[in-house]
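Student: I'm new to this structure and would like a close look at one part of it. Could you take me through the inside around the main core, and then show me how that part sits in the rest of the chain?

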Amino acid sequence: MAHLHLVLRGVLVIKKNCLCPPLPCPAPANSAPNPPPLPAAAEMSKWNYVVTAHKPTSVSHSCVGNFTGPHQLNLIVAKCTRIEIHLLTPQGLQPMLDAPIYGRIATIELFRPHNETQDFLFIATERYKFCVLKWDGEKSELLTISMGDVSDPLGCPTDNGQIGIVDPDCRLIGLHLYDGLFNVIPFDNKGQLTDAFDIRLEELQVLDIKFLYGRVKPTIVVLYQDNKDARHVKTYEVALKDKDFVEGPWSQNNLENGAGLLIPVLAPLGGVIIIGEETIVYCNGNSTFKAMPIKQSIIRAYGRVDPDGSRYLLGDNTGTLHLLVLAREGERVTGLKIEHLGETSIASSISYLDNGVVYVGSRFGDSQLVKLNLLPDATGSFVEVLERYVNLGPIVDFCVVDLDRQGQGQVVTCSGAFKDGSIRVVRNGIGINEQASVELQGISGLWSLKSSFSDPYDMYLVVSFISETRFMAMNMEDVLEEMEIEGFDAQTQTLFCQNGISDLLIQITANSVRLVSCTSRELVDQWNAPEGFSVNVASANASQVLLATGGGHVVYLEIRNAKLVEVKHAQLDHEVSCVDLNPVGENPQYSSLAAIGLWTDIRAYLELIRKENLGGAIVPRSVLLCTLEGVSYLLCALGDGHLFSFVLNASTGELTDRKKVSLGTQPITLRTFSSKGTTHVFASSDRPTVIYSSNKKLLYSNVNLKGVNHMCPFNTATFPDSLAIAKQSEFSIGTIGDIQNQQLRTIPLNEQPKRICHQEQSRTLAVCSFVYNQDSKEQSEAHFIRLLDHQTFEFLFTHPLDQYECGCSMISCSFSDDNKFYYCVGTSYVLPEEYEPAKGRILVFAVEDGRLQLVVEKETKGAVYSLNALNGKLLAAINQKIHLYNWMTQEDGSHELQSECGHHGHILALYTQTRGDFIVVGDLMKSITLLVYKHEESAIEELARDYNPKWMTAVEMIDDYIYVGAENSYNLFTVRHR
């Protein structure tokens with residue numbers, strides 16, 4: 001039996017500015033130190049570089065306090081491996097810092113040590129590392145006050161998750177990480193953390209632990225479950241000197257079986273609120289016990305409203321927000337009252353900010369900033385959503401498609417859970433938010449002009465057509481209307497426009513170059529093309545003009561004393577296709593370099609200092625000299641959609657670091673524009689692209705537009721940092737979104753999607769989803785297969801599944817001797833009395849007239865966890881076995897799936913991938929197995945397996961020899977067959 005060998009080069013992780021110290025990565029026990037070379041067909045790069053495509057968005061924790069200053073109220077949000085720090089201002093939440101943490105955050109707590117004026121932040125990670133952070137106001141950065149490791153190699157990790165709490169009087173930090181142990185990290189007299197120690201905890205199944213307020217000695221309250229599944233509450237005093245527990249002041253036995261959350265109440269009331277699924281109980285050591293029944297729900301998030309601890313916000317598993325009020329007389333609680341406020345996302349954390357504003361963090365949907373109103377709205381809700389914060393998680397399935405057919409893949413995800421389920425479309429790119437548009441055909445050029453050279457805003461918009469030029473201007477009502485500029489030639493096509501020095505406007509046409517006064521708008525000076533010649537291409541800046549007049553002739557003009565002066569005339573060897581005179585040196589009004597594209601190469605002039613042969617037969621259509629992040633570049637766009645980039649030495653004209661990328665299939669026009677004070681380049685083509693610099697590196701980001709012919713910046717008081725855009729039949733003005741951003745589109749489902757599949761042939765998406773039925777006392781699920789239009793995401797058809805049947809897998813494929821594409825869905829029947837599904841179905845659907853038509857139904861003896869196409873056949877993973885089915889056509893034209901062969905030997909075959917005759921199986925516990933289908937023998941045989949025990953969550957084949965897997969400890973690993 002061959003082995004699958006672990007490839008250590010599989011993951012490269014880079015961490016910058018880590019708040020916790022870097023941790024060494026242990027090598028797998030059976031890794032080969034010097035793996036033999038791969039066959040030529042399986043060659044890979046030495047390292048596989050793994051990066052994060054999208055920052056985590058799922059919120060697990062949040063807290064409020066004075067972290068960045070004594071008088072500054074901050075919201076701190078934990079998102080997996082990052083923390084976000086926000087400042088509460090009269091205008092709303094202002095982001096201050098987004099910092100990475102080296103580890104998955106398990107708990108965060110704000111606390112204020114003695115003699116400190118602002119709060120510190122305690123963070124613990126899932127790998128048992130912790131740190132305490134402080135904000136340095138002078139440097140505006142985080143400081144690590146202390147850090148450490150509280151792992152125990154012999155401990156048994158808790159089943160209910162880690163718990164981290166800080167004593168209200170800052171005497172110690174308590175951690176419950178392992179069953180039967182309570183880890184204590186004491187503070188010394190100076191507020192510094194000292195050596196940690198463990199205290200034995202009798203209760204093994206701990207559900208929650210909190211510190212009690214107002215106690216002379218640090219006291220914890222423990223909610224636990226005994227071996228008879230009964231739940232109780234018990235208190236302990238922590239004796240720091242003896243490093244042990246002392247029996248606490250009170251306890252409460254035989255609570256509701258659904259009790260799962262403790263809320264400590266501030267002094268002087270003290271005590272604790274115990275949240276159950278059907279009751280809420282308040283109790284303390286003064287024999288006070290108050291209970292209140294509630295509608296059955298699961299509450300796992302709360303937030304304190306008042307400083308005296310008399311009101312609390314509660315969030316349940318249906319997304320309902322409640323207000324819990326403690327009725328009191330003096331220092332005694334007399335009763336409990338709960339009020340329904342409204343609906344939010346399903347809360348994982350609730351933080352009350354101020355003035356009725358609440359932050360609701362969610363793992364299952366978008367986090368929200370909500371306002372609690374005094375009066376209800378028309379629906380009876382007191383909740384008003386002020387802002388939403390997008391959350392892609394949890395992503396349970398996705399597919400990559402090119403919905404816009406622009407050659408750019410987009411990720412369509414099944415996101416969210418329960419009522420917050422949705423479909424999200426994620427793509428790299430920049431959004432153009434359209435402000436105004438009009439139908440206008442035949443535009444051949446666009447330029448914006450200012451009313452004076454020093455004006456910060458643009459006033460005029462020059463729109464050129466084949467045989468005329470139109471001028472538009474912003475009027476007093478901030479409306480763009482057509483007007484006249486007397487000194488300009490409106491009866492011919494404009495080739496270039498520019499503001500010039502001395503408050504002049506420059507217009508270049510085929511016949512002349514005109515200088516027009518900004519104030520009088522009358523002609524000041526004019527240069528005419530020589531007889532028998534006409535200007536073909538032109539460029540200008542504030543003081544220079546460069547023209548190509550045909551036959552390789554190039555004319556260079558300068559503006560001196562409001563006059564056009566011809567400085568040089570040269571004839572080149574070939575016809576000129578494009579020119580550019582954009583300044584790249586220190587003087588923004590003058591350039592010592594010009595770029596000229598010829599029919600054969602590209603050159604940098606004024607005297608010939610550099611010649612670059614691009615090769616190939618495609619002519620340069622646009623050249624641009626630009627400076628991005630202090631680095632000068634020469635960009636050259638070809639007629640076939642390719643772009644050459646060079647790093648330009650502005651002093652010598654030397655071109656280095658030549659690179660070539662494909663931006664589309666049509667000719668490209670390059671223009672610079674500014675967004676938020678930074679210069680970028682817009683490439684107009686069939687696939688418009690923004691070129692920008694990040695860390696001195698050129699990057700390319702698609703724009704959410706199709707077929708842009710021309711673009712110019714149009715920065716006005718009404719439309720700041722806007723762009724004027726001309727398409728084939730439309731003219732529009734829009735603002736550009738954040739550079740270096742991902743576009744996200746949300747399609748709310750109000751139910752939970754599980755599987756998604758795209759079928760290009762029918763232009764549809766199929767989704768397996770389910771919805772919870774909350775009407776009956778016993779919760780039930782209804783499962784569906786829904787058909788959606790892949791552009792509009794409109795529901796086209798719904799196929800309900802049987803009772804207790806749920807969708808497990810889905811693919812789109814065709815079969816041998818049948819070119820039609822089908823949706824194949826694998827299901828299972830999940831019956832309450834069965835530990836493992838014993839029955840399932842394979843359903844084959846055809847899309848006809850926007851409806852799902854069931855073509856074949858095949859019963860199976862187990863859950864169909866995975867489906868894949870294999871050489872025109874259907875491969876199914878059903879419980880412990882791999883099955884291969886043939887697609888058979890009957891005499892009457894009907895079809896059926898006929899079993900051909902199979903393979904045993906798995907615990908649960910959850911994931912499969914195919915490539916040629918090879919099959920990779922991801923098992924529940926037995927890592928990865930490689931199988932091969934043998935045609936002649938009609939059999940599936942095992943070739944190799946990874947003998948390391950891994951609980952798989954996904955598999956994929958990189959090539960015939962190397963496979964990548966993901967397991968339930970959040971690790972990626974690669975294996976190879978040899």
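Tutor: Let's start with the whole chain, go into the core, and then work back out to the surface.

Keep in mind that this is a predicted model. The chain has 978 residues, and 52% of them are buried. As for secondary structure, there are 80 strands and zero helices. Along the principal axes, the C-alpha atoms fill a box of roughly 105 × 80 × 65 Å. The exposed area comes to about 44,800 Å², with carbon and sulfur atoms supplying 48% of it. If you take the contacts with a separation of 6 or more, 46% are between residues 24 or more positions apart.

Now for the part you asked about. The largest nonpolar core has 32 residues, and the ones touching the most other members are Ile508, Val513, Trp527, Val545 and Leu547. Which strand gives the most to this core? That's β39, which covers residues 504–509 and puts in four residues.

Let's zoom in on Trp527. Setting aside its neighbours within four places in sequence, Trp527 is in contact with Val513 and Leu547, two residues you've just met among the core members with the most touches. The other contacts of Trp527 are Asn511, Ser512, Val535, Val555, Leu557, Leu564 and Glu566. So the list has nonpolar names in it, such as Val535 and Leu557, but also Asn511, Ser512 and Glu566, because what counts as a contact is just heavy atoms within 4.5 Å.

Back to strand β39 for a moment, as Thr509 lies in it too. Is Thr509 buried or exposed? It's buried, with a relative accessible area of 0%. Beyond its neighbours within four places in sequence, Thr509 is in contact with Thr492, Gln493, Thr494, Leu495 and Val535. You may recognise Val535, which is on the contact list of Trp527 as well.

That isn't the end of the nonpolar story, though. There is a second, separate core of 18 residues, and among its members are Ala124, Val166, Tyr178 and Phe187.

Next, charged pairs. A search of the whole structure turns up 34 salt bridges. One of them joins Asp119 to Arg112, with N to O at 2.9 Å. Here Asp119 is buried at 9% relative accessible area, whereas Arg112 is partly exposed at 33%. Another pairs Asp208 with Lys210, whose closest N and O atoms are 3.0 Å apart. In that pair Asp208 has a relative accessible area of 7% and Lys210 has 14%; both count as buried because the cut-off is under 20%. A further salt bridge links Glu941 and Lys934, at 2.9 Å from N to O. Glu941, at 32%, is partly exposed, and Lys934, at 29%, is partly exposed too. Some charged residues go beyond pairs: Glu202, Glu203, Lys234 and Glu247 are linked in a network of salt bridges.

What about the cysteines? The structure holds zero disulfides. Cys63, for one, has its nearest cysteine sulfur 13 Å away, on Cys131, so it falls outside the 2.5 Å that a disulfide calls for. Cys63 is buried, with a relative accessible area of 12%. Cys170 is in no disulfide either, and its nearest cysteine sulfur, that of Cys63, is 14 Å away. At 5% relative accessibility, Cys170 is buried as well.

Here's a link between distant parts of the sequence. Val438 is in strand β33, residues 432–439, and is partly exposed at 44%. How far apart are the C-alpha atoms of Val438 and Ser732? They are separated by 6.3 Å, although the two residues are 294 residues apart along the chain. Leaving out residues up to four places away in sequence, Val438 touches Glu730 and Phe731.

Finally, the surface. Ile395, Phe398 and Val400 form a nonpolar patch there, with about 300 Å² of accessible area together. Val400 has its place in strand β30, residues 397–401, and at 55% relative accessibility it counts as exposed. For contrast, go back to Thr509 in strand β39, which is buried at 0%.

Methods: Residues are numbered from 1 along each chain as its sequence is written. This is a predicted model: local features need pLDDT of at least 70, side-chain atom pairs count only at pLDDT 80 or more; totals for chains, interfaces and linings use all residues. Side-chain values use heavy atoms; hydrogens and water are left out. A nonpolar core is a set of buried Ala, Val, Leu, Ile, Met, Phe, Trp, Tyr and Cys residues joined through side-chain atoms within 4.5 Å. Buried means under 20% relative accessible area, exposed over 50%, partly exposed in between (1.4 Å probe, protein chains only). Helices (H or I, at least four residues) and strands (E, at least two) are DSSP runs, numbered from the N terminus. A salt bridge is a side-chain nitrogen of Lys or Arg within 4 Å of a carboxyl oxygen of Asp or Glu. Patches are made of residues with over 30% relative accessible area and no salt bridge: like charges are joined within 9 Å, nonpolar side chains (Val, Leu, Ile, Met, Phe, Trp, Tyr) within 5 Å. Accessible areas come from the Shrake-Rupley method with a 1.4 Å probe; for residues, only the protein chains shown count as cover.
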